[in-house]
Amino acid sequence: MNQTPGSSSISALNYVNNLSNFVSGSSNIVTPGTTPNTGSQFTMVDASAWDLSTTCGSCHPGGGFVEKDRNGKRFSMMNPAIDGYTPYTMTVFDQYDPNTGMPNHQLMGAPWSYPMYNGQTPVITPGGWGQANADGSPFIITMPDGSQMPIFQGQVMMPNVKEMDCLMCHLQGYSNMKSSIMAYSGAHNVTPSFGSGLMNMFTQAYDFTTGMIAKDANGVVSLTPAFFSKMKAQPDSQNCRNCHMPSGLKDLPDMFNDFLSSAPMQYVNQFTQSFTGLSMPAYDFGAVFGSSPDWTLGMGSFQTSPVVFMTQTGMGSTLPGYSPGIPAGWPSAMGRTPYNQAAFDNFSASNPGMKQYFVGGGNPAGIGLGPIFYQAFTPQGNYDQNSLKKSVVPFPRAEWFKRGDMWAPGYDVHLNLECSGCHMNTNTTKTDVFTNPTSATNASTIFDGKSLCDPGKGYDSAAGVEGNAAKRATVNSQNTVKRCENCHVTGRNADGIAIDTYGAPNPNAAHQAAGLLKNVTQALKTTDGTNEVAFTGSHLDVLDCTVCHLARKQMVVRELDATSGNRYPNMLGFDTSRGMMGMFSDPMGMGAPVGNNLTEWQPLYTWQKNGNYWKTKDDHSINADWRRKVYAVNIITAGIWNNTDPTVDANGDGVAGAPPIHHAGDYPGTVTANYDPWIARDMKAGINYGPSGFAPIPVGFGNGAYQAAYDNTGAFTGAWTYVGVYGGNILFSTPEEITNYKAYREQIKGAVDNKSWAGTQLAFIGGPYKVTHGIRPVGTFVLGKSCTDCHSATPKAQLFSGDFDMLGTAIKATAGGQFMNSPAEQWKVVGKAADIETGAELSTKAGGALEIKFDELGNWDPATKTFTPAADGAYKSVKPLDRSEAMYPIEGAFTDVLGRTYANRAAWIQYLTNPTAISGAASQLAP
């Protein structure tokens with residue numbers, strides 16, 4: 001939240017008294033194109049709560065910051081005339097010129113509530129909190145399409161905040177895809193009703209056919225026993241998986257049903273049923289390949305996909321039997337597209353009066369026309385830039401792109417335990433106890449940590465949760481998920497309380513037999529709860545259990561490209577020879593086995609920070625079991641445009657850019673990047689967008705050589721070197737692409753925000769995500785049965801040496817090629833040395849954080865598009881991360897367990913990967 005934008009002294013608590021500055025801009029926030037500025041035109045609401053609730057509310061169950069402000073006032077009770085123009089009451093509504101794509105944003109009130117009417121008559125009651133203007137005239141809300149919504153004094157206001165949706169976790173059969181449509185539409189108050197199935201997606205009314213609700217003779221609606229039978233105190237794993245983990249990616253319907261965490265949405269500029277102007281786009285799974293895959297009941301090929309329509313009993317089709325549901329109750333084709341007008345007309349002519357029952361289909365078969373139709377055209381026949389830039393990219397489930405996690409037979413030995421086995425059934429004492437909740441002061445209430453509705457908090461920093469000494473007594477919810485040793489060794493949780501171990505075998509004997517308990521490693525422990533003491537320990541003192549017991553043969557995201565204002569994942573772990581189709585197991589419905597296109601990849605092995613918190617327990621006693629360990633992680637590299645110009649504040653947060661420098665606390669000789677990334681709406685302003693079969697995508701910029709990666713037939717123009725696998729988005733890969741884009745941004749800055757891009761770099765910043773799922777049975781996979789599994793030149797696990805890819809794969813956009821028919825390969829990025837920055841956020845064995853570079857200087861041949869390493873080169877190439885540097889980032893002398901010294905990291909790694917030297921050292925140590 002921008003509380004002090006630019007150099008302005010306007011306080012967040014003083015917005016209303018500075019309304020003129022707020023709307024038009026402070027001294028640093030001026031009308032674009034007039035004078036130089038270093039802040040955004042809309043600085044004070046750039047990070048609005050409304051944006052957060054609509055974009056993140058697709059998966060996040062609500063409550064907290066998307067329901068109330070920091071002082072506890074509900075957003076639904078707010079009115080800009082009373083509470084001021086703040087990031088809570090207002091939002092910036094993004095708008096772009098449909099033809100040029102240039103910005104034309106506007107400030108608008110966030111519709112946290114809306115007035116109720118009886119026909120055209122406002123509903124006024126003594127308890128209505130509608131607030132008119134001071135002179136008694138109605139307060140007017142003007143929607144982006146120009147329609148007005150007057151609010152009268154005392155009018156009943158329908159709350160429209162994102163309250164905690166308990167059904168998302170606890171109702172069996174909840175559809176996150178359906179609730180996400182309402183979240184993106186801004187209809188927060190009905191997301192539980194649509195996600196649970198209480199309301200029908202098509203009729204927008206309560207659905208009494210589900211048996212979950214009933215209406216009596218007086219018209220009173222109530223929940224039925226069938227509804228309550230679906231309420232589960234312990235959430236089904238499927239409810240968890242709706243946001244977190246897929247089970248695989250078989251075909252196109254499976255992408256909707258099991259892979260995505262949110263629905264695709266298209267901006268249609270209609271606000272009658274959507275506060276955001278977003279609606280679900282048309283899609284047609286049957287029109288993609290021109291033949292009928294297995295989800296159409298084995299029917300033959302067709303030139304035009306079957307028309308699907310609504311009947312009284314469900315779905316109907318012009319091809320008998322063609323009415324699969326995906327997800328439950330949804331058709332395989334939906335909506336009008338630019339291509340099915342003839343099918344719609346024919347349907348209407350043969351079925352008089354049934355236009356409203358036309359659901360979709362009737363699209364011509366062929367590559368490039370689907371399965372999701374984001375096509376939006378201007379009257380001139382161009383792609384509508386406003387529609388495409390404001391449309392939503394459907395995103396995969398969280399743990400898949402962070403860690404490659406999948407939850408299906410063969411992927412984890414713990415599958416039968418369900419998610420609750422480790423995340424709920426923990427017997428933790430960290431629970432909220434409300435002894436006297438009705439008391440005015442709640443004097444007897446204990447808020448000791450773990451919220452019962454937040455069972456996912458883990459115990460390491462890579463999970464996004466770190467210990468906070470100031471909060472430990474009140475909001476500490478860490479260390480509530482079962483660790484491996486809780487079930488397999490101690491039978492007790494972190495509080496020392498007995499737990500259900502599900503019969504987990506104790507591995508001590510096997511570890512002893514394999515020599516893993518012999519004290520042959522240099523480990524760290526604590527003796528007083530604050531210090532770290534080196535001692536000679538076993539492999540289990542330095543390695544987390546997951547290092548040896550998990551394997552990865554599944555897709556994962558390695559880079560998340562955010563250079564266009566949206567996010568597009570670049571992946572590995574799939575059959576790159578098949579390009580985009582390699583993501584799927586059976587895209588053509590040929591009966592191919594699940595996972596047949598997946599390939600193995602190895603995590604990065606690195607030290608975790610695990611701050612001082614875990615050195616002591618909640619009762620402040622010393623944690624004698626504390627060790628600093630190596631964990632398996634996946635790194636996601638964020639590709640961003642990062643401003644380093646100290647005279648420019650790219651995102652209007654009040655802090656200007658700066659090049660990487662040595663910060664206090666950094667290790668000698670290291671520098672850390674300063675982050676001043678351009679915000680999404682400003683990045684979209686400079687990019688041309690187009691449709692693809694899966695998402696609205698950036699296709700180029702300007703009107704010159706780089707205008708589009710695709711021609712009007714969908715073939716590659718050859719203007720760009722690479723496009724992304726996930727949807728065909730352009731990827732900046734060469735010095736020419738990068739420098740020409742920066743020059744173009746300089747040309748158009750007067751029409752955007754008048755801020756210079758000269759000091760902007762293409763930055764690749766990698767962050768680690770700890771990998772914990774994917775534990776294989778010992779009979780299938782395990783490390784440590786032999787020293788050479790890790791300590792050799794060709795190990796099973798690359799702990800100490802080798803390359804770790806930081807970019808993932810991409811599709812070579814060769815002129816004349818087709819996106820869906822092209823193979824993928826290793827993505828390469830080269831730019832001028834001043835235009836590229838890299839940094840992987842990792843840790844040392846001592847727990848210190850620092851950034852590790854993964855680039856090299858060299859020369860560039862633009863004719864052949866080849867890079868040659870050279871220490872004095874004027875160009876920089878993004879290269880794989882050196883695993884040895886990730887494990888031991890600080891260069892210097894190293895000492896082994898026998899006291900022998902190695903002059904540098906290279907010599908140290910050579911020792912660690914020499915099985916003879918390792919076994920010789922171990923044999924000289926006492927058992």
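The legends below describe views of a predicted model of a protein chain.

**Figure 1. The whole protein chain, with its 22 helices and 43 strands.** The chain has 927 residues, and buried residues make up 54% of them. Among contacts between residues at least 6 apart in sequence, 65% join residues at least 24 apart. The chain exposes about 38,000 Å². Carbon and sulfur atoms supply 55% of that exposed area.

**Figure 2. An open sheet of three strands, S16, S13 and S18.** The strands lie in the order S16-S13-S18, and their pairing is antiparallel. Strand S16 covers residues 333–334 and strand S18 covers residues 372–373. These two are the edge strands, each pairing on one side only.

**Figure 3. The pairing of strand S13 with strand S16.** Strand S13 spans residues 282–284. Two bridges join S13 to S16, and the two strands run antiparallel. Asp284 stands opposite Ala333, a residue of S16.

**Figure 4. A nonpolar surface patch formed by Tyr206, Phe208 and Val221.** Together, the three residues have about 270 Å² of accessible area.

**Figure 5. Phe208, one of the residues of the nonpolar patch.** Phe208 sits in the loop that lies between helix H6 and strand S9. Helix H6 covers residues 191–196, and strand S9 covers residues 213–215. The relative accessible area of Phe208 is 33%. Phe208 counts as partly exposed because this value falls between the limits of 20% for buried and 50% for exposed residues.

Technical notes:
Residues are numbered from 1 along each chain as its sequence is written. This is a predicted model: local features need pLDDT of at least 70, side-chain atom pairs count only at pLDDT 80 or more; totals for chains, interfaces and linings use all residues. Side-chain values use heavy atoms; hydrogens and water are left out. Two strands pair if DSSP finds at least two bridges between them. Helices (H or I, at least four residues) and strands (E, at least two) are DSSP runs, numbered from the N terminus. Patches are made of residues with over 30% relative accessible area and no salt bridge: like charges are joined within 9 Å, nonpolar side chains (Val, Leu, Ile, Met, Phe, Trp, Tyr) within 5 Å. Accessible areas come from the Shrake-Rupley method with a 1.4 Å probe; for residues, only the protein chains shown count as cover. A salt bridge is a side-chain nitrogen of Lys or Arg within 4 Å of a carboxyl oxygen of Asp or Glu. Buried means under 20% relative accessible area, exposed over 50%, partly exposed in between (1.4 Å probe, protein chains only). Contact means heavy atoms within 4.5 Å.
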